[in-house]
There are 2 protein chains.
Amino acid sequence: MLDATSSYNPMDLRIPVADRTGHRTVPETTRRTDRLPGTRYGNRPTMKDVAARAGVGLKTVSRVVNGEPGVTAETERRVQEAIEALGFRRNDSARVLRKGRTASIGLVLEDLADPFYGPLSRAVEEVARAHGALLINGSSAEDPDREQELVLALCARRVDGLVVIPAGDDHRYLEPEIKAGVATVFVDRPAGHIDADVVVSDNFGGARDGVRHLIAHGHRRIGFIGDMPRIHTAAERLRGYRTALEDAGIPVADSWMSLGVTDPERVRRAAREMLSGPEPVTAIFTGNNRVTVTVIRVLAGQTRPVALVGFDDIELADLLQPGVTVVAQDAAALGRTAAERLFRQLDGTLLTPERIELPTRLITRGSGELPPAD
Amino acid sequence: MLDATSSYNPMDLRIPVADRTGHRTVPETTRRTDRLPGTRYGNRPTMKDVAARAGVGLKTVSRVVNGEPGVTAETERRVQEAIEALGFRRNDSARVLRKGRTASIGLVLEDLADPFYGPLSRAVEEVARAHGALLINGSSAEDPDREQELVLALCARRVDGLVVIPAGDDHRYLEPEIKAGVATVFVDRPAGHIDADVVVSDNFGGARDGVRHLIAHGHRRIGFIGDMPRIHTAAERLRGYRTALEDAGIPVADSWMSLGVTDPERVRRAAREMLSGPEPVTAIFTGNNRVTVTVIRVLAGQTRPVALVGFDDIELADLLQPGVTVVAQDAAALGRTAAERLFRQLDGTLLTPERIELPTRLITRGSGELPPAD
DNA sequence: TAGAGCCTGGACAACGTTGTCACCCTCGTA
DNA sequence: TACGAGGGTGACAACGTTGTCCAGGCTCTA
C-alpha cells in the first residue's frame, strides 16, 4: 500500500487492526528521515516573525489575528501590515494542539462514488460547515478492516466527531474512543455490539410496502435480489419481503430469492434464472440501486413484461418505459439528521443514544403496476 | 452561518475574503470560553501517562509507539501493556506540529452530490490512501468566495497539497501558499492568473465532435444549452459547438444558443423556445449532465423527434428510448491523474507546471443519430 | 496629589509529540 | 584492572499557538 519509492512519506496512517495505538509496524526501510529543520512548512512565517517585524510582542499578534480586544488601532495596523508583507497565515495545527478541538469531523462511508452516498456526504458537509467544521472523508469499500483502520486514523487526528456508515458488524473497538469523548453517529446501518446513536431508513417497512404493492397488483410469485444478509440493510429488506408474502399467505420459494449477489454479472444470471423454469416469477423486488439498474437491463431484453419495484430511487427512473416504481429513501435527510445529532452530542444537549428511523416513500411510475403475465 | 446558540464552537473556519490571515472577525458574542484545562480531548492519556505507568521515560514510549529500534523486548512489553490498559492513542495533532507534514490533502470541488464528482473524488481518495494521506473534502457550490474560503481554511490546516476544481477565475490568492510549498493541482478547469498544474478534459474537441456528429446526420439547425461562459468548461464546449458549425459553413443563429441557464425551469423554457418558432432546431447539444437530463424530459414530451447529444455520460442513458448519445469524459481518470501529479509535486519529481488534456469519447446510442425532422 | 481602576502590551508556560544528545551499563579486549 | 565500544534509555528543547498573569502608563476622582 505504501509507495516505498516515493519520497513523500508522511506519517503512516495505516493502522494494523490488532493494534489500537496508532503506531506503525511497517519495516524500517520504508521510512525517511525528517525534513531538515528550517524547511518545515516551506519556511512559513510564524507569529513570532510577524511580531518581530511589527515591533510588538507575540501575544499582540495573536490578539490581532484572533480579533481579540485590547489592541490600539495603530498597533493593529502595524501588525496587519507585517502579516500582509510576510504572507503570514495562522497554523491551525498548533492551534488545534493548544485548544483541544480540531473543528473537523470524519465521515466513513462505503463508496464516495456511489450515487446514494454523494447527497448524504454533501448533507453532512453542509451541517459541518454551519458549525464551522471541516469534513474528512474516507471510503471503506465495504471492508470491515478498512473501516476500522480509517476510523482509528481519524481518531488519532482527534476529529471532534465521527459519522460512520458501518461496513463491519462489531464496533467495540470504538468504545475507548467514545468514552474519551469522540462524538459518534452511525448512519444507514446500526452499530454492532455498542450503544450509540443510529440513524437509519425504515428498510423493513419500505421493502414490505414495496412487495405488498406488487401483491396488490395480483402478483403471487415475486423474486428478490439483494445484497449479503450480513449487511443490516439487506437483511431488513429481505425480512420486509418475507413478511409481506407471509402476511398474504404466500409461501416463499427458495428459488425466488437471490442473496449476496452484487456484481452485475451474477445479478443478471440470478434474474434470468428466476425468470425461467416451470414456475417463473412475474415480478421482482430489487434490494438496492445497483441491483435495480442491472435488473432493468435484463428486463429490457425480455419479451414478457415483468413487474419491478426497486429499493432506492434512481435518476431518470421516470423516463424509462415503463417508469420504474421504487421505494425511495432520502439520503440527504439521513446525512443531515446524523450530522445534526453529532453536533448536539458535541453541544452536550444530547445525552442518551437513540435510534432514529426515517420513513421511506413508495413512488409509483409504472413498472410496479404491471399485472402478472403468466 | 455560525450557529450562535450552539455550545460547540470550534475555531471559526470562515475566512473573510478580504483577509488572508485566517483570523476571525465575527462578533465577540458568538465566542465561548475555552474548555476547562484538563478536559481537553476528553482527558485522553498521553505518552507521559503511559511512561509513568510503565515506569519508563517519555521517549521510550515514543520509540515503542513508532516502532523505532533500540528498545528491549521486556521494556516494549511493559509499554504495550500500559498503552493497552490506558487506551492510549497517539495524538496526531501534536505529531503534525512537530513533523511539519499533515499527511492530508484537500479537495475542493463544486458539489459532492453531483454524480460527476463522486467518482472523481473517490479516485483522488484512492491515490491519497496509497500515499498514506487522508482526504479533506469541501464543496464550493460554484461560489468563488466560498472556494477561496475553503482553500484558505485548508491551507491554514497545513494540508500537504490541494486538488481544486475552481469555481472562480482568479487564483492569485494562492500564490503565497504555493510559494510556501503547498502542492496544487487544478482539475476540470484551469487556474486563473497563476501558473499551476492543470488536468482537464478536451472540452473543446469533445463538443466539436459531438456537434459534427449531428451535422453528419443531416442537421443544420442545432441548438446549444450550456452553463455560464465564465465557467471555463462551458466556454470551451460552446467554442467547440461554434467551430463545428463554422467548419461546416453553417451560420450560427443567436436564438439557437442558451447560455448561463442552469436551473431546470429555465432550461426547460430555453429548450421549448428553440423548438418552437418559424425555424425550430432539429437537434440539441447539451453542455453538461444536468442540462442533458432536463432536456431529455422536455424532448420526451415532444411529438416530433429531436436529435440530442449531451456532454457527460449519464446513468441508464442506454435504456431510454432512444438511447442517449453522449460525449463522455472520464471523471475517475481526471481525479487519478490530478492526484498522482500532486504527489509527484510532493516528491519533488515534478517541477514545471503542465497542462494535461484527457480525451473524451463519443458514445452513440440513438438520440444523436436521429435524422432531422422538418 | 495620591490612589483606584482601566487600557495596552508582553513574558511565560503549556498543549503532546519527536529529534538530539548525553548518560549509564555491559561486554570484550588490552 | 582499565578502557573503549556500543546498545539501551531518558532529559531536554523545539514545533507554533493560546491562556494566564503581571507591568506600566494613563485617566479619573476624592
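Start by selecting Val64(A), which is buried, with a relative accessible area of 3%, and keep in mind throughout that the model on screen is a predicted one. Val64(A) lies in helix 2 of chain A, which covers residues 58-65. Its relative accessible area of 3% falls below the 20% limit, and therefore the residue counts as buried.

Now extend the selection to the whole of helix 2 of chain A, where Thr60(A), Val61(A), Ser62(A), Val64(A) and Val65(A) are buried. A reminder helps when reading such a list: an α-helix has 3.6 residues a turn, so residues three or four places apart point the same way. Which helices do the buried residues of helix 2 of chain A pack against? They pack against helix 1 (47-54) and helix 3 (73-86), both of chain A. To follow one link across this region, draw a distance from Val64(A) to Glu76(A): the two are 12 residues apart in sequence, and their C-alpha atoms are 6.2 Å apart in space. Just beyond, helix 2 of chain A is followed by Gly67(A), which has a positive phi near 65°.

Zoom out next to chain A as a whole, which contains 12 helices and 12 strands. Of its 374 residues, 58% count as buried, and the accessible surface of the chain comes to about 14,900 Å², with 51% of that belonging to carbon and sulfur atoms. Among the contacts in chain A with a separation of 6 or more, 65% are between residues 24 or more positions apart.

Move to chain B and select strand 1, residues 104-109. Six of the six residues of this strand are buried, so strand 1 of chain B is largely enclosed by the rest of the structure. Both of its faces are covered, with Ser104(B), Gly106(B) and Val108(B) buried on one side, and Ile105(B), Leu107(B) and Leu109(B) buried on the other. Adding strand 2 of chain B (residues 134-139) to the view shows a parallel partner, joined to strand 1 by six bridges; within this pairing, Ile105(B) stands opposite Leu135(B) of strand 2.

The aromatic side chains make the next stop. Over all chains there are six aromatic pairs. In one of them, Phe116(A) and Tyr117(A) meet edge-to-face, at 5.1 Å centre to centre and with 75° between the planes, and both Phe116(A) and Tyr117(A) are buried. In chain B, the rings of Phe116(B) and Tyr117(B) have centres 5.1 Å apart and planes at 75°, so this pair is edge-to-face; Phe116(B) and Tyr117(B) are buried as well. Select also Phe224(A), Tyr241(A) and Phe285(A), which ring pairs link into a cluster.

Then show Arg237(A) together with Phe311(A): the charged end of the arginine sits over the ring, 3.9 Å from its centre. In chain B, the charged end of Arg237(B) sits over the ring of Phe311(B), again 3.9 Å from the ring centre.

Finish in the nonpolar interior. Which residues touch the most other members of the largest nonpolar core? Among its 88 residues, they are Ile225(A), Tyr241(A), Ile284(A), Ile225(B), Tyr241(B) and Ile284(B). Centre on Ile225(B) to see its surroundings: leaving aside residues up to four places away in sequence, its contacts include Val261(B), Val267(B), Met274(B), Ile284(B), Phe285(B) and Val295(B). A second, separate core has 40 residues, including Leu150(A), Phe186(A), Val164(B) and Val200(B).

How values were computed:
Residues numbered from 1 in each chain as written. Chains lettered and ligands numbered in written order. Predicted model: local features only at pLDDT ≥ 70, side-chain atom pairs only at ≥ 80, totals over all residues. Heavy atoms only, no water. Helix = DSSP H or I, 4+ residues; strand = E, 2+ residues; numbered from the N terminus. Buried < 20%, exposed > 50% of the residue type's maximum accessible area, 1.4 Å probe, protein only. Contact = heavy atoms within 4.5 Å. Areas by Shrake-Rupley, 256 points an atom, 1.4 Å probe, with all protein chains shown as cover. Phe/Tyr/Trp six-rings, centres within 6.5 Å; stacked < 30°, edge-to-face > 60°. Lys NZ or Arg CZ within 6 Å of the ring centre and 35° of its normal. Core = buried A, V, L, I, M, F, W, Y, C linked by side-chain atoms within 4.5 Å. Pairing = 2+ DSSP bridges.
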